[in-house]
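Subject: Handover of a structure and findings

Dear colleague,

Please find below the structure I am handing over to you. My findings follow it, grouped by topic.

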Amino acid sequence: MIDNINVRVYACAVKDKKVLTLFEEYAGEPLMKFPGGGLEYGEGLLECLHREFDEELNVKIEIVEHFYTQEDFLVSRFRENEQLLTIYYIVNIINEGDFLILDPCIEKTEWIDIDRPENPFSLPVDQIVFNKLKEKYL
């Protein structure tokens, strides 16, 4: 039974036809994902993205535009009682020279080519977003 909703806000930081990705382990499973995270109570969507980049990567961002909001019902892969709602923005990193992984859960970051033939993401909404990035930037 679904009795909880988890709003997630993510960013597609794109430069030179590459997008920033994070590699981390979650619930014992290795994940490649976009930067971002969970919306906290009393927080707006854009505030959430700014906070996540501050806390995880030590950088400031400029929000360029809303990019995609998940349209279908989705149950969390990690909590069967939880519905997910994910929202994605296109962002620019302002102070890339200050980039530093601060979150111990993040194993590494990588700028991946948007024009690669395969979709490298395992999370279903991230797969949709990566395909939409291809449409926008290629």
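On the surface of this predicted model, I2, F73 and V75 form a nonpolar patch, and their accessible area together is about 250 Å². F73 belongs to the loop between β5 and β6. With a relative accessible area of 53%, F73 is above the 50% cut-off and therefore counts as exposed.

Turning to the interior, the largest nonpolar core comprises 18 residues, and C12, V19, F34, F67, Y88, V129 and L133 have the most contacts inside it. Two or more residues each come from β1, β2, β5, β6 and α2 (124-137). The most is given by α2, which supplies four residues. A second core, separate from that one, has 16 residues, among them A13, L20, F53 and V91. Within the largest core, Y88 is one of the residues with the most contacts. When neighbours within four places in sequence are left aside, the contacts of Y88 are Y10, C12, F34, H66, F67, Y68, V125, D126 and V129.

Helix α1 deserves a paragraph of its own. This helix covers residues 45-57, and its 13 residues should span 18 Å at 1.5 Å a residue; the end C-alpha atoms are 18 Å apart, so the expected and computed values agree. The buried residues of α1 are C48, L49, R51, E52, F53, E56 and L57. These buried residues pack against the strands β1 (4-15), β2 (18-26), β4 (36-38), β5 (61-69), β6 (82-93) and β7 (106-113). One of them, F53, is also included in the second nonpolar core.

Two backbone positions should be noted. Most residues other than glycine have a negative phi. N58, which follows α1, is not a glycine, yet its phi is positive at about 60°. N58 sits in the loop between α1 and β5 and is partly exposed, with a relative accessible area of 32%. D16 also has a positive phi without being a glycine, with a value near 50°. D16 is located in the loop between β1 and β2, and because its relative accessibility is 68%, D16 counts as exposed.

As to charged pairs, the model has 12 salt bridges. One of them joins E40 and R51, whose closest N and O atoms are 3.5 Å apart. E40 lies in the loop between β4 and α1, whereas R51 is in helix α1, so this pair ties together parts that are 11 residues apart in sequence. E40 is partly exposed, at 42% relative accessible area, while R51 is buried, at 14%. E40 and R51 also belong to a network of salt bridges that links them with E43, E52 and E55.

A further salt bridge connects the side chains of K136 and E65, at 2.9 Å from N to O. Since K136 lies in helix α2 and E65 in strand β5, this pair ties together parts that are 71 residues apart in sequence. Both partners are partly exposed: K136 has a relative accessible area of 40%, and E65 is at 30%. The side chains of E118 and R116 likewise meet in a salt bridge, with an N to O distance of 2.8 Å. E118 is partly exposed at 38% relative accessibility, and R116 is partly exposed as well, with a relative accessible area of 23%.

With kind regards

Conventions:
Residues are numbered from 1 along each chain as its sequence is written. This is a predicted model: local features need pLDDT of at least 70, side-chain atom pairs count only at pLDDT 80 or more; totals for chains, interfaces and linings use all residues. Side-chain values use heavy atoms; hydrogens and water are left out. The expected span of a helix is 1.5 Å times one less than its number of residues. Buried means under 20% relative accessible area, exposed over 50%, partly exposed in between (1.4 Å probe, protein chains only). Contact means heavy atoms within 4.5 Å. A nonpolar core is a set of buried Ala, Val, Leu, Ile, Met, Phe, Trp, Tyr and Cys residues joined through side-chain atoms within 4.5 Å. Patches are made of residues with over 30% relative accessible area and no salt bridge: like charges are joined within 9 Å, nonpolar side chains (Val, Leu, Ile, Met, Phe, Trp, Tyr) within 5 Å. Accessible areas come from the Shrake-Rupley method with a 1.4 Å probe; for residues, only the protein chains shown count as cover. A salt bridge is a side-chain nitrogen of Lys or Arg within 4 Å of a carboxyl oxygen of Asp or Glu.
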